[in-house]
Amino acid sequence: MIHYDYDLFTIGAGSGGVRASRVSAGFGAKVAVAEERYLGGTCVNVGCIPKKLLVYASHFRDDLNDAAGYGWSVGDRRFDWASLIANKNKEIERLNGVYRKILVASGVEIIEDHAEVIDSHTVAVNGKKITAKYILVAVGSWPMVPHFPGSEYAITSNEAFYLPSLPERVIVVGGGYIGVEFAGIFHGLGARTTQFYWEELFMRGFDDDIRRTLADEMRKRGIDLRFKADIAKIEKHQAALKATLTDGSTIEADQILYATGRLSKTLNLGLENAGVKLKPNGAVVVDEYSKSNVESIYAIGDCTDRMMLTPVAIAEAMAVANTLFNGKPTKPSYSNVATAVFSTPTCGTVGLTEQEAREQNYRIDVYRTVFKPLKHTLTGSDERTMMKLVVDQTTDKVLGCHMVGADAGEIIQGMAIALNCGATKAQFDATIGIHPTAAEEFVTMRTKVA
Ligand SMILES: Cc1cc2nc3c(=O)[nH]c(=O)nc-3n(C[C@H](O)[C@H](O)[C@H](O)COP(=O)(O)OP(=O)(O)OC[C@H]3O[C@@H](n4cnc5c(N)ncnc54)[C@H](O)[C@@H]3O)c2cc1C
C-alpha cells in the first residue's frame, strides 16, 4: 500500500477549504491545509463580512435623516473612516482567530505558506515536498483590472477595505454586485459617487425589474450612474485622478475602484504539472463531484467559477468531504440558490428571472408590486420597494421571487425554502401574512401584471 503524508491536503483556508478540511478531519482523515495570506479567505477578510460591516456603516446617514420624521432631533454628526476601519479590522482579526481555533480543534494541521502542486499526489511548500492521497484546490479568486493607460492607479475591493481615508470623490467601474455595493457604501458614507458600466443596464443576470428598480433608486439617492460609459485612460495630477472616458470627456476623482470581475487564483499553482485541465479563464474544470480530470485532485469554490458565493463554496466542501471520507458520494445542489445584493436599497433573488422563465419556454404569470414602505410614510423619503413573483401557469409553482427594498436578503432566504419545497402560488396565497411588514406582500399579490 502506498503511504502518503496526509489523506487530504487542502490548498487555501477560505470558506471552502476550511469547511472541507475540518469536516474531513471529523470523518477521520489526516488533513493539512496551506494558507498563504489570511485564515478565512476572501469572505472573512476582504469580502462578505467587511463589506456588510461597511454597508451597515453607510446606512446610518439615512437612519439619522429618517429619525427627524419620528420626532428625534439628532445633533452634530460626524463620520470617522479611521474608526470604522480600525473596528472592522479588529473584528476580522477575531474571526481569523476563530478559524484557527476551529481548524486546530478539528485536528487539521495549518501550514501558513504558499503551496504548489508538483504532481497528482504531491505539493511543495517552501521547498518541502508533501504527499497526500487527495489534493483539494480551494484557492479562491482575485479581482481583475483590465490593462489600459493608467490602470495602475485603479484600486479593487481588496484595497478599498484598507483606504487610509474616505475619498471625497469616488468612481466605481463595473456593474456587478460588488460594484453596486461599493457605490452604495461610498455614497452613504458621504463621498460623491459616480458609477460607470459599459452596457445599457447593470446587474446582468438579475431580473430586469430588479435591475431597473435598483438603478432608479440609486439615482434618486444621488449616485451618478452612467451606463454605456467606460474609462479609456487615467492620469494622476498630484493627489487627484483624472479619468478620460471613451467619448473623450473627463472626470476627476480621488479613488477609482474597478469591480470588473474576478479570476480563479490558479496562476503559479503548478496544476499543469499534474495535468489538471483549466478553462481559458483559469478556472479548474471539475465534474459534479468537484473532481478534476485527475482522480486525486478536487477543486471547490471560486476557483472553479461555478457560483462565486460563500455558501456555495461551503456546500461544495461538504459534498467533497462526504464523497471522499464518509462513504457518501454527494453532488451539491445548485437549484434555487438565493442571493442578496447589499446595495442601497438591498436586492434579494431566488429562482428564475422572468426572462429566464420565458427563455426556458415556461408559460408564466407575473405578479409585481411597487410601494412606499410604511417606515417612509413619516420620513419624507420617496424610496420604493419592488417585489415580484414569476409563476408557472401549468403547475402553479412559483419559479422565481425577486425584491428590491429593505431587508430583501432576510426575506428572500425564507422564500428560497418555499421554492425548494416546490410551493405553488395557491400555497403562497393561502399563507397568512405578518402585518404590517413588507414580506406580507409576497402572500397577498393577486393581480397579474403579465
Ligand atoms: C467584495 C466581495 C464581497 C463579497 N460578498 C459576498 C456576499 O455578500 N455573499 C457571498 O456569499 N459571497 C460574497 N463574496 C464571495 C465570497 O467571498 C467567495 O465566493 C468565497 O470567499 C469563496 O470561497 P473560496 O473558499 O472559494 O475562496 P477564498 O475564500 O478566496 O479562499 C481562498 C484562500 O486560498 C488562499 N490561497 C490561494 N492560493 C494559495 C496557495 N497557492 N497556497 C496557499 N494558499 C492559497 C487565499 O489566500 C485564500 O485565503 C464576496 C466577494 C468579494 C470579493
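The legends below describe an overall view and several close-up views of a predicted model.

**Figure 1. Overall view of the predicted model, a protein of 450 residues.** The protein holds 11 helices and 21 strands, and its C-alpha trace spans about 75 × 65 × 45 Å along the principal axes. Its radius of gyration is 24 Å, which agrees with the value near 22 Å that a compact globule with 450 residues would have. Buried residues make up 51% of the 450 residues, and among the contacts with a separation of 6 or more, 63% are between residues 24 or more positions apart. The accessible surface comes to about 21,000 Å², and carbon and sulfur atoms account for 52% of that surface. The protein has 49 positive and 53 negative charges, and the mean positions of these two sets are 2 Å apart.

**Figure 2. Close-up of Glu217 and the residues in contact with it.** Glu217 is part of helix α7, which runs over residues 208-221, and this glutamate counts as buried because its relative accessible area, 4%, is under 20%. Leaving aside neighbours within four places in sequence, Glu217 is in contact with Pro345, Glu383 and Arg384. Although Glu217 and Pro345 are 128 residues apart in sequence, their C-alpha atoms are 7.3 Å apart in space.

**Figure 3. Close-up of the cis peptide bonds before Pro345 and Pro436.** Most peptide bonds are trans. The bond that joins Thr344 and Pro345, by contrast, is cis, with omega about 0 degrees. Pro345 lies in the loop between β17 (339-341) and β18 (347-351), and this proline is one of the residues in contact with Glu217 of the preceding view. The peptide bond from His435 to Pro436 is also cis, with omega near -5 degrees, and Pro436 is found in the segment after α11 (425-430).

**Figure 4. Close-up of Lys228 and Asp305, two residues with positive phi.** Most residues other than glycine have a negative phi. Lys228 has a positive phi, near 50 degrees, and is placed in the loop between β10 (224-227) and β11 (231-237). This lysine counts as exposed because its relative accessible area, 56%, is over 50%. Asp305 likewise has a positive phi near 50 degrees, and is located in the loop between β16 (297-299) and α8 (310-325). With 30% relative accessibility, Asp305 falls between the cut-offs of 20% and 50% and therefore counts as partly exposed.

**Figure 5. Close-up of Cys303 and Cys401, neither of which is in a disulfide.** A disulfide is taken here as a pair of cysteine sulfur atoms within 2.5 Å, and by this rule the count for the model comes to 0 disulfides. For Cys303, the nearest cysteine sulfur is that of Cys43, at 16 Å, and Cys303 is therefore in no disulfide under the 2.5 Å cut-off. For Cys401, the nearest cysteine sulfur belongs to Cys421 and is 12 Å away, so that Cys401 is in no disulfide by the 2.5 Å rule either. Cys303 has 0% relative accessibility and so counts as buried, and Cys401, also at 0% relative accessibility, counts as buried too.

Notes
Residues numbered from 1 in each chain as written. Predicted model: local features only at pLDDT ≥ 70, side-chain atom pairs only at ≥ 80, totals over all residues. Heavy atoms only, no water. Buried < 20%, exposed > 50% of the residue type's maximum accessible area, 1.4 Å probe, protein only. Helix = DSSP H or I, 4+ residues; strand = E, 2+ residues; numbered from the N terminus. Rg over C-alpha atoms; globule rule 2.2 N^0.38 Å. Contact = heavy atoms within 4.5 Å. Areas by Shrake-Rupley, 256 points an atom, 1.4 Å probe, with all protein chains shown as cover. Lys, Arg positive; Asp, Glu negative; His and termini not counted. Charge placed at Lys NZ, Arg CZ, Asp CG, Glu CD.
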